[in-house]
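The following paragraphs offer a guided reading of a single protein chain. The reader is invited to keep the sequence and the model in view throughout.

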Amino acid sequence: MSLIGQAPPSVPFVPIAMPDDACPAAAQQAEDAAIVAAAREVRSVSTSHFPPSTPGLWPVHVHAFHELLWGTQGVLTVETEHGFFAVPPTIGLWIPAGVAHAVQTAGGTGFYCTYVDADLSVPSTERAAERHAERPARPARPARPGAPVPAAPAEGTFVAVLDRAHRTTAVAVPPAARELMVHLFRNDMDPAARRRSERVVVDLLSPVDVTPMVLPMPSDARLESVARRLLDDPADTRSLEAWAREVSVSVRNFSRLFHRETGMTFAQWRIHARVRVAIGLLAGGMPVGTVSRRVGYRTPSAFVQSFRRVLGHTPGWYVASVKADAEHPLASGSDDRPSAALPTWLG
């Protein structure tokens, strides 16, 4: 069921016409501003709550709307063509419309799923600039006295960053956004007030760089089989040489291919894989000492060092964050879980 190798969906460019008599510099600024304004059009925001239940598996599927997974309790894992994502309670996972993905939950996992119907995938201002560069040069005309010059769009906005990425992204979901999404979920509102609130929700989100959250998977079938077996049993301590013999690949080729396809050495990838599995076990309430043994460390101190090296914090800090987030009241609502919940890992 691996998604590795699938081509990302393409997004067509939508041109915005400008008056012929506009100053080129002003025209570019106006077009850029119009692009971002269109991108920030939010038509609707709807949320479902999945209360803690038995393990579940949503096989590979695609949504017409952007999806935000957040407010997790327990272990939530998402697989896309870019690898495995462990979704901790402290942040959310933004999955753009059209991205194929599968979702896996362990027993006792609860989370929110928010769908955002919005024009967030239009071309970036960078592409707008490229279009202007491709146009034949026109003599510059001075702007009319007193004519307003549109402000250039902010490059650090949520929309601008996502527009450049076109991929699944870790997202900071501040308390105000959480409370507002829960409020929209629970209450009927005046249509105009709801639309304003939905726009605010999107404005409050912000992409964050959480590299350890995603675990890239090799696309080579032999290496992928090794990677999945290590995710199933991270305590397996077999060496690179032993795994290379297992899949009938020379040590040199195994090492070279693994680095080329994941951006990590085999040793680095295994450490990240162990930490990814550990995150789920810790979120499920398992003691640090037990987790350290489950993921292949002889001593808790060695596990703590690896955890800190990957995430920048100790397991104790992560557990405290999970407990603090769990105090946030989860909304009551319908359980939209799949009819057949499967207690198996993705793949």
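In this predicted model, helix 4, formed by residues 175-186, lies across strand 1, strand 3 and strand 8 (109-118). The direction of helix 4 makes an angle of about 105° with strand 3. Helix 5 (residues 191-204) also packs on the sheet, where it touches strand 1, strand 8, strand 9 (169-172) and strand 10. Between the directions of helix 5 and strand 1 the angle is about 70°.

The sheet that receives these helices is open and consists of 6 strands in the order 1-8-3-6-9-10, with antiparallel pairing. Strand 1 (42-53) and strand 10 (206-207) stand at its edges; each has a single partner strand, so one side of each has no neighbour in the sheet.

Strand 6 may be followed in more detail. Residues 92-95 make up strand 6, which pairs with strand 3 (residues 66-73) in the antiparallel sense through 3 bridges. Here W94 is the bridge partner of L68. Strand 6 is likewise antiparallel to strand 9, and 3 bridges join these two strands. In this pairing G92 stands opposite V171 of strand 9. Which residues of strand 6 point one way, and which the other? G92 and W94 point one way, L93 and I95 point the other way, and all of them are buried.

Within helix 5, one residue deserves separate attention. E198 has its place in this helix, and its relative accessible area is 4%. Is E198 buried or exposed? The value of 4% falls under the 20% limit for a buried residue, so E198 counts as buried. Leaving aside residues up to four places away in sequence, E198 touches V42, R43, S44, V45 and L184. E198 and V116 are separated by 82 residues in sequence, while their C-alpha atoms are 8.7 Å apart in space.

A further sheet is found in the chain. This open sheet has 5 strands in the order 2-7-4-5-11, and its pairing is antiparallel. Its edges are occupied by strand 2 (56-61) and strand 11 (214-215), each with a single partner strand, so one side of each is left without a neighbour in the sheet. Strand 4 (residues 76-80) and strand 7 (residues 101-105) run antiparallel and are joined by 4 bridges. T77 stands opposite Q104 of strand 7.

Attention now turns to the nonpolar interior. The largest nonpolar core contains 33 residues, and those with the most contacts inside it are V226, L231, F254, F266, W269, F303 and F307. At least two residues of this core come from each of helix 6 (221-232), helix 7 (240-246), helix 8 (251-262), helix 9 (266-283) and helix 11 (300-311). Which helix gives the most to this core? Helix 9 does, with 9 residues. For F254, the contacts beyond four places in sequence are with L223, V226, L240, W243, A244, V247, V249 and F266. A second core, separate from this one, has 18 residues, including V42, V45, M181 and V182.

Two of the helices that contribute to the largest core also pack against each other. A packed pair of helices is described by the angle and the distance between the two axes. For helix 6 and helix 9, the angle is about 35° and the axes lie 9 Å apart. The crossing of helix 6 and helix 9 is right-handed. On the side of helix 6, V226, A227, L230 and L231 take part in the contact, meeting F266, W269, R270, A273, R276 and V277 of helix 9.

The loop between helix 7 and helix 8 contains S248. Although S248 is not a glycine, it has a positive phi of about 60°. S248 has a relative accessible area of 64% and is therefore exposed, since the limit for that class is over 50%.

Finally, the chain may be considered as a whole. It contains 12 helices and 11 strands. Of its 347 residues, 45% are buried. Among contacts with a separation of 6 or more, 79% are between residues 24 or more positions apart. The accessible surface of the chain amounts to about 16,700 Å², and carbon and sulfur atoms account for 56% of that surface.

Methods. Residues numbered from 1 in each chain as written. Predicted model: local features only at pLDDT ≥ 70, side-chain atom pairs only at ≥ 80, totals over all residues. Heavy atoms only, no water. Pairing = 2+ DSSP bridges. Contact = heavy atoms within 4.5 Å. Axes fitted to C-alpha atoms, helices over the stretch in contact; angles between N-to-C directions. Core = buried A, V, L, I, M, F, W, Y, C linked by side-chain atoms within 4.5 Å. Buried < 20%, exposed > 50% of the residue type's maximum accessible area, 1.4 Å probe, protein only. Areas by Shrake-Rupley, 256 points an atom, 1.4 Å probe, with all protein chains shown as cover. Left-handed = near helix turned anticlockwise from the far one by under 90°.
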